[in-house]
Amino acid sequence: MYDQMSLQEMKTYKGADPIPEDFDKFREDEIKNCNTNEYKLIKKDYNIKNADCYELIFRDDDGSEIYSKCMFPKNKKKSATVFYFHGYQNQSPARTYAMKYPMNDFGIVMMDVRGQCGKSTDMGKYSGITAKGHVIRGLEDGRENLFYTKIYKDVFRLIEIVSKLEFVDENMLFTQGGSQGGALALVGSALNKKIKKTVVQYPWLGDLKRLLLWQSHEEPYDELYRYFKYKDPFHITEEKVMKTLAYIDVKNFSHLIKSDVTMITGLEDIVCFPSTQYAIYNRLECEKEIYHLPEYGHETMNVYVEDFMFNKLTGSTIELL
């Protein structure tokens, strides 16, 4: 294990800095006026026998368009639905990957994060460094204009819009994802109490202060390192920077989550160190469980893990060995 903190220490660790006192109010204010009534739901004919396919598009106030792929089982009035969120700099997976859900009478919704590799667009304007990365984008314009503040609102709006569709069971909504996707799955559960279950792998954007102290050069946290190296080598703005980034730190959302949470952590992870994942996990006040994979790092977990997560989300009983 590369993490300098022992596993025993991790089990009580809650992060390197406190939650801002006005964090909950800021989050409530941010989603209070989100428009969840205007969107386009476009049915697509892909000649897939057991699923109805759609594209869902809604527009942010800054002109950005947020795109999601949707699949729902045919001839089912109300479907339990999984919201799947992808990893950093990536895009939503292929529909063929998602077909396992409608085959099991579940809907699946997969959002393309704005400004990354999918069809969503980012039309925001940002001061300061934009040469690399999204974690610090908008930092100099304050917490309201942080790039991830906008993404978190996209996630909230997506869940709210889909929950109102006539063929979706709003009492059976789940979130799933790994890395960035794990963070968004957790944030979605924190911001929208309709989520009943969350299954995540190695969530990122947790305990950012510890990552700064660690001087992590790993993608994507190297942009925080680079900010101080090239913008503020004397760390004059460090306190202000970390106070601002605290509003997107996933550990600070944990206490808001009411859904059941399952977390999978690779103990060899050098991107999202296990201690930073435990900072998220230990602040959860809901039903929760964590599983360690000692031989895995921040990588694709092929062996049985997909079946394990599918079982957790859908209630299937696929054998794991």
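## A walk through a predicted fold

Asp122 shows 22% relative accessibility, so this residue counts as partly exposed. Keep in mind as you look around that this is a predicted model. You'll find Asp122 in the loop between β5 (106-111) and α5. Along the sequence, Asp122 and Gly63 are 59 residues apart, yet their C-alpha atoms sit 7.8 Å from each other in space. If you skip residues up to four places away in sequence, Asp122 touches Asp62, Ser64, Arg114, Gly115 and Phe147.

Now follow the chain into α5. How do helix α5 and helix α6 pack? Helix α5 (residues 147-163) meets helix α6 (residues 180-191) at an angle of about 60°, and their axes are 9 Å apart. The two helices are therefore oblique to each other, and their crossing is right-handed. On the α5 side, the contact is made by Tyr148, Ile151, Tyr152, Val155, Phe156 and Ile159, while α6 brings Gln180, Leu184, Val187, Gly188 and Leu191. Sort these contact residues by type and you get nine nonpolar, two polar and no charged.

Next, the inside. In soluble globular proteins, nonpolar side chains tend to be buried together. Here the largest nonpolar core has 77 residues, and the ones touching the most other members are Phe83, Tyr148, Tyr152, Leu158, Trp204 and Leu245. Helix α5 gives the most to this core, with 10 residues. Take Trp204 as an example: leaving aside neighbours within four places in sequence, Trp204 is in contact with Tyr88, Val135, Tyr148, Ser179, Gln180, Ala183, Pro220, Tyr221, Val250, Cys272 and Ile280. Apart from the largest core lies another core of 23 residues, including Met110, Val305, Phe308 and Phe310.

Two of those names, Val305 and Phe308, also turn up among the buried residues of α11, next to Met309, Phe310, Asn311, Leu313 and Thr314. Why is helix α11 (residues 305-314) described as largely enclosed by the rest of the structure? Seven of its 10 residues are buried, so the rest of the structure largely encloses this helix. Just after α11, Gly315 takes a positive phi of about 85°.

A polar residue can be tucked away too. Is Gln176 buried or exposed? With 2% relative accessibility, Gln176 counts as buried. Gln176 has its place in strand β6 (residues 168-178). Not counting residues up to four places away in sequence, Gln176 touches Val82, Phe83, Tyr84, Phe85, Tyr97, Tyr101, Gly181, Ala185, Val199, Met309 and Leu313. Two of these, Met309 and Leu313, are buried residues of α11.

Over in helix α8 (residues 222-230), the buried residues are Asp222, Glu223, Leu224, Tyr227 and Phe228. What covers them includes α7 (208-214) and α9 (238-245).

Finally, take a look at two loop residues that have a positive phi without being glycine: Ser179 and His235. Here they are side by side.

| Residue | Loop | Phi | Relative accessibility |
|---|---|---|---|
| Ser179 | between β6 and α6 | about 60° | 11%, buried |
| His235 | between α8 and α9 | near 55° | 27%, partly exposed |

Ser179 should ring a bell, as this residue is among the contacts of Trp204.

Notes:
Residues numbered from 1 in each chain as written. Predicted model: local features only at pLDDT ≥ 70, side-chain atom pairs only at ≥ 80, totals over all residues. Heavy atoms only, no water. Buried < 20%, exposed > 50% of the residue type's maximum accessible area, 1.4 Å probe, protein only. Helix = DSSP H or I, 4+ residues; strand = E, 2+ residues; numbered from the N terminus. Contact = heavy atoms within 4.5 Å. Axes fitted to C-alpha atoms, helices over the stretch in contact; angles between N-to-C directions. Parallel < 35°, antiparallel > 145°, perpendicular 65-115°, else oblique. Left-handed = near helix turned anticlockwise from the far one by under 90°. Nonpolar A, V, L, I, M, F, W, Y, C, P; charged D, E, K, R; others polar. Core = buried A, V, L, I, M, F, W, Y, C linked by side-chain atoms within 4.5 Å.
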